[in-house]
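Here are my notes on the model you sent over. I went through the ligand site and then the backbone, and kept each point brief.

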Amino acid sequence: MSKTPIILGIESSCDDTCAAILHGQKILSNIVANQDVHKIYGGVVPELASRAHQQNIIPVVDAAIKKANIKKKDITAIAFTKGPGLLGSLLVGSSFAKSFAMGMNIPLIAVNHMQGHILSHFIDEGEPMPEFPFLCLTVSGGHTQIVKIESPNRMEVIGTTIDDAAGETFDKSAKILGLSYPGGPLIDKYAKNGNPHAFEFGKPKIKELNFSFSGIKTSIMRLIQKGVAKNPNFIAENLKDLCASIQHSIVSILLKKLEKAIQQTSITQIAIAGGVSANSYLRSELEKLATTKGYQLYIPKLEYCTDNAAMIAIAGYFKYLDANFADQSETPSARLAF
Ligand code: KG4
Ligand code: ZN
């Protein structure tokens, strides 16, 4: 195990087919094939996603190997997303990884997608990395968590959503506004020139470090329905202010609980991860907060925020160091917990 391993990472939990190659903690390639097929449906269609993964997986892996300028036989181990995610999509990645491991006679490593998001902070690109222990606000399309990380392979969820995820709230709000899927980046875009205090939405009262977004979603829907009933052009005339206000509400909920977690744990090394960590307002508000309070903040590069396989490869790297391998009986799990 002394030689620096070359890990091939495979990520296929939702609608992106991804492959990446890491040499130790250094990135050699990171390929993402997006699936445009879902756009017209306003959300991911699971059956179409798994079919597209089947078409994409081999060309994407080939591209990752070529870009990394290595040979297939140079790969030390293969890591794949075991879950959580869409079962049909996960099956494509896990079946590919199992066959590849068997064919090449190399170790197979099963990775939790959410842990992958967090560990993307340890991809070595010359930037400072979080010190242990640190807190990570992990915000994606399906999850909203505050995680306490003691070491790469030891982490604990200390807060989670009891209903919708932050990304889902962005996407559903965007749908109500008539924006296309995924709506998070579009809300971010239109919000840039809007007033974040133009509209007020209900605030959740949830105990401890947990989150709830279902109330704010209903509140957004009611406000828009009322507005449109009075003025059919309500959305078009107020789009920027609506986006800015929705974004402000979601980000405020996230930051409030993160601050509470910082107070409770006295941990001031803070990271964010997951698709919603690409949100420019969340990033800038967190930066302000960290500067004011003296927190050490780690924000991933945009390419490592949304789903990618480099994060699966880095999580695989840490499991490789622990010789924590899976075998051919490993199966994906749609609701995999930590
Ligand atoms: O982590 P991710 O790529 O996939 C999941 O694991 O779910 O996260 C996708 C989510 C979507 O809900 C998407 O709308 C949201 O991340 N997202 C954003 C932004 N970019 C992606 N939400 C708000 N602002 C953004 N800039
Ligand atoms: Zn994700």
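**Notes on the ligand site and the fold**

1. Starting with the ligand: a side-chain N or O atom of D171 sits 2.6 Å from an oxygen atom of ligand 1. Bear in mind that this is a predicted model, so please read every distance here as computed from predicted coordinates.

2. D188 also reaches the ligand, with a polar side-chain atom 2.9 Å from a nitrogen of ligand 1. G275 uses its backbone instead: one of its backbone N or O atoms is 3.0 Å from a ligand oxygen.

3. How much of ligand 1 does the protein bury? On its own the ligand exposes 550 Å², and 89% of that is buried by the protein.

4. Which elements give two or more residues to the shell? They are α3 (113–119), α4 (166–176) and α5 (184–191).

5. The shell counts 18 residues, and those that come nearest to ligand 1 are G141, D171, D188, N279 and D307. D171 and D188 are thus on that list, and they are the two whose side chains I picked out above, D171 at 2.6 Å and D188 at 2.9 Å. Sorted by class, the shell has ten polar, five nonpolar and three charged residues.

6. On the overall layout, the domain assignment splits the chain into domain 1 (6–122 + 305–321) and domain 2 (134–300). Domain 1 is therefore given in two segments, 6–122 and 305–321. The C-alpha centres of the two domains are 27 Å apart, and at the interface 17 residues of domain 1 contact 24 residues of domain 2.

7. Why do I place the ligand between the domains? Because domain 1 and domain 2 both give residues to the shell around ligand 1.

8. One strand pair deserves a look: β7 (residues 144–151) and β8 (residues 154–160) run antiparallel and are joined by six bridges. The connection from β7 to β8 is a hairpin of two residues. If you want a register check, Q145 stands opposite T160 of β8.

9. There are cis peptide bonds to inspect. One joins G83 and P84, with omega about -5°; P84 is in the loop between β4 (77–83) and α2 (87–104). Another runs from Y181 to P182, with omega near -10°, and P182 belongs to the loop between α4 and α5. Both α4 and α5 are among the elements that give two or more residues to the ligand shell.

10. Last, a backbone angle: N69 has a positive phi, about 60°, although it is not a glycine. You will find N69 in the loop between α1 (46–68) and β4.

Notes: Residues numbered from 1 in each chain as written. Chains lettered and ligands numbered in written order. Predicted model: local features only at pLDDT ≥ 70, side-chain atom pairs only at ≥ 80, totals over all residues. Heavy atoms only, no water. Near = heavy atom within 4 Å. Polar contact = N/O pair within 3.5 Å; in protein donor to acceptor, adjacent residues only side chain to side chain. Areas by Shrake-Rupley, 256 points an atom, 1.4 Å probe, with all protein chains shown as cover. Helix = DSSP H or I, 4+ residues; strand = E, 2+ residues; numbered from the N terminus. Nonpolar A, V, L, I, M, F, W, Y, C, P; charged D, E, K, R; others polar. Domains from an automatic or database assignment. Pairing = 2+ DSSP bridges. Contact = heavy atoms within 4.5 Å.
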